[in-house]
Amino acid sequence: MTTATDPAAPPSPAGGPATTLLRFATAGSVDDGKSTLVGRLLHDSKSVLTDQLEAVERASQVRGQQAPDLALLTDGLRAEREQGITIDVAYRYFATARRRFILADTPGHVQYTRNMVTGASTAELAVVLVDARNGVLEQTRRHAAIAALLRVPHVVLAVNKMDLTGYEEPVFTAIAEEFGAYARRLGVPRVTAIPISALVGDNVVEPSAHMHWYHGPTVLEHLETVAVCHDPVPGPARLPVQYVIRPRTAEHPDYRGYAGQIASGSFRVGDEVTVLPSGRTSRINGIDLLGEPVPAAWAPQSVTLLLADGLDVSRGDLIAPTAHAPATSQDVTATVCHVADRPLTVGQRVLLKHGTRTVKAVVRDIPSRLTLDDLSAHPAPGRLVANDIGRVSIRTAEPLPLDSYGASRRTGSFILLDPHDGATLTACMTGPTGVDTRQPTLDRG
């Protein structure tokens, strides 16, 4: 999996009021127009600096193009510009008067599906593009399945290149209905379908003058108004311990704090907590935030917890409320997306990284692989190859405190690593998939 540094929140518009933040990702097959959509979104919302636009205009002229190729605004790597495809996740930050945005432009090529997993893993909304001329493709289904498995709360279907189909409503309706039916089987509660032309600008920021039959929002209007949970990370409190702070100075001779970023929920001074996987309990004596004591803290703040008892706590442990602590187990079953070129096989020894903890593990079984065409479960495939989605049973060398992914995206997920070189093999989500994997039935009339 390609990793990217978690970007910091962008600044608010100069002089404007505080606005909410939306993280979203774009996905779709190669040449469906993701980078062009992102470029159009940035350009038409006045989020492009003058020198950036001039650089794009010069590059476009060199390539013999009459108009600026807005896709160049996001294709930052030289190889991306030369090949005309997106290779790595490109994060862009922009803001309007109504909301701030962190946008992850992810590659469409099947070879880089792992990057889409990275981009969507923290997204609250996924924009899945479809070329109106080609309709729903296998890569479209794969991206929709990944968005569903990662439980991205909102999905937008952007039917692009409507200008190349004469802006015909039946073309849009047929694609929207096919994708909508597929998404419902994936458990996606609602899909917002928008007909667009990223190249021309129809329904991206401004309403189209060519599609009078469409009365819904533009892409930007939907992004600005879609409801997102303002509670940063709800759910039971979880603190993966990253570092044990013991300064041993004259000023703090007995200080012993457990530092980390709260993954979900909130902690208060006085809360009874359990340290996992040991299961020892204590009470929060103090919470330090930015070097100052506070009565409470919540996700995603980075804090230091001080406990009443001198427990043996180390990096990789998880601190949770005693009343809502997750169960620990060495047997884990998860839905996975295999992202490595080398296959994942039954009996393979791996490293499992969960939060700040890494343990040895072995793949005991691969009970099924998801068939993207009809969402049926192919039983006992024996192995998963790159971009396969399936179910995996794993035995770990040590007990792990795992939540269901549905309850917590942070503490309900983990990755498998190659023990030889540390390469990421597989992204994993615990608990049920929510995907209807019944064998398809045939309507014989």
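Here are some short exercises on the structure above, each with a worked solution.

Before you start, note that this is a predicted model, in which local features need pLDDT of at least 70, side-chain atom pairs count only at pLDDT 80 or more, and totals for chains, interfaces and linings use all residues. Residues are numbered from 1 along each chain as its sequence is written, and side-chain values use heavy atoms, with hydrogens and water left out.

**Exercise 1. The open sheet**

Find the order of the 6 strands in the open sheet, and work out which strands stand at the edges.

*Solution.* Start with the terms: strands (E, at least two residues) and helices (H or I, at least four) are DSSP runs, numbered from the N terminus. Two strands pair if DSSP finds at least two bridges between them.

Step 1: The order is 2-3-1-4-5-6, with mixed pairing.

Step 2: Strand 2 (90-95) and strand 6 (191-195) are at the edges; each has a single partner strand, so one side of each is left without a neighbour in the sheet.

Step 3: From one strand to the next, the twist averages 25°; angles run from 0 to 180 degrees between N-to-C directions, and axes are lines fitted to C-alpha atoms, for helices over the stretch in contact.

Step 4: Now look inside the sheet, where strand 4 (residues 125-131) and strand 5 (residues 154-160) pair in the parallel sense over 7 bridges. Opposite Val130 you will find Val159 of strand 5.

**Exercise 2. Antiparallel partners**

Name the strands that pair with strand 17 in the antiparallel sense.

*Solution.* Step 1: Strand 17 (residues 328-338) pairs with strand 23 (residues 389-401) over 9 bridges. Here Thr333 has Ser393 as its bridge partner.

Step 2: Strand 17 also pairs with strand 25 (residues 424-430), over 5 bridges. In this pairing, His338 stands opposite Thr426.

**Exercise 3. Helix 1**

Decide whether helix 1 is mostly covered or mostly open, and find what its buried residues pack against.

*Solution.* Step 1: Buried means under 20% relative accessible area, exposed over 50%, and partly exposed in between (1.4 Å probe, protein chains only).

Step 2: In helix 1 (residues 34-44), 10 of the 11 residues are buried, so the helix is mostly covered. Among them are Leu37, Val38 and Leu41.

Step 3: These buried residues pack against strand 1 (20-28), strand 2, strand 3 (99-105), strand 4 and helix 7 (219-225), where contact means heavy atoms within 4.5 Å.

Step 4: Just after helix 1 comes Lys46, which has a positive phi, near 60°.

**Exercise 4. Salt bridges**

Which residues meet Arg40, Arg98 and Arg342 in salt bridges?

*Solution.* Step 1: A salt bridge is a side-chain nitrogen of Lys or Arg within 4 Å of a carboxyl oxygen of Asp or Glu. By this rule, the count is 14.

Step 2: Arg40 meets Asp44 (3.2 Å, N to O). The two are 4 residues apart in helix 1, and therefore separated by about one helical turn. Arg40 is buried, at 13% relative accessible area.

Step 3: Arg98 meets Glu224 (3.4 Å, N to O). This pair links distant parts of the chain, 126 residues apart. Glu224 counts as buried at 14%, whereas Arg98 is partly exposed at 47%.

Step 4: Arg342 meets Asp418, with the closest N and O atoms 2.4 Å apart. Both residues lie in loops, and the pair ties together parts that are 76 residues apart in sequence. Asp418 is buried at 8%, and Arg342 is partly exposed at 35%.
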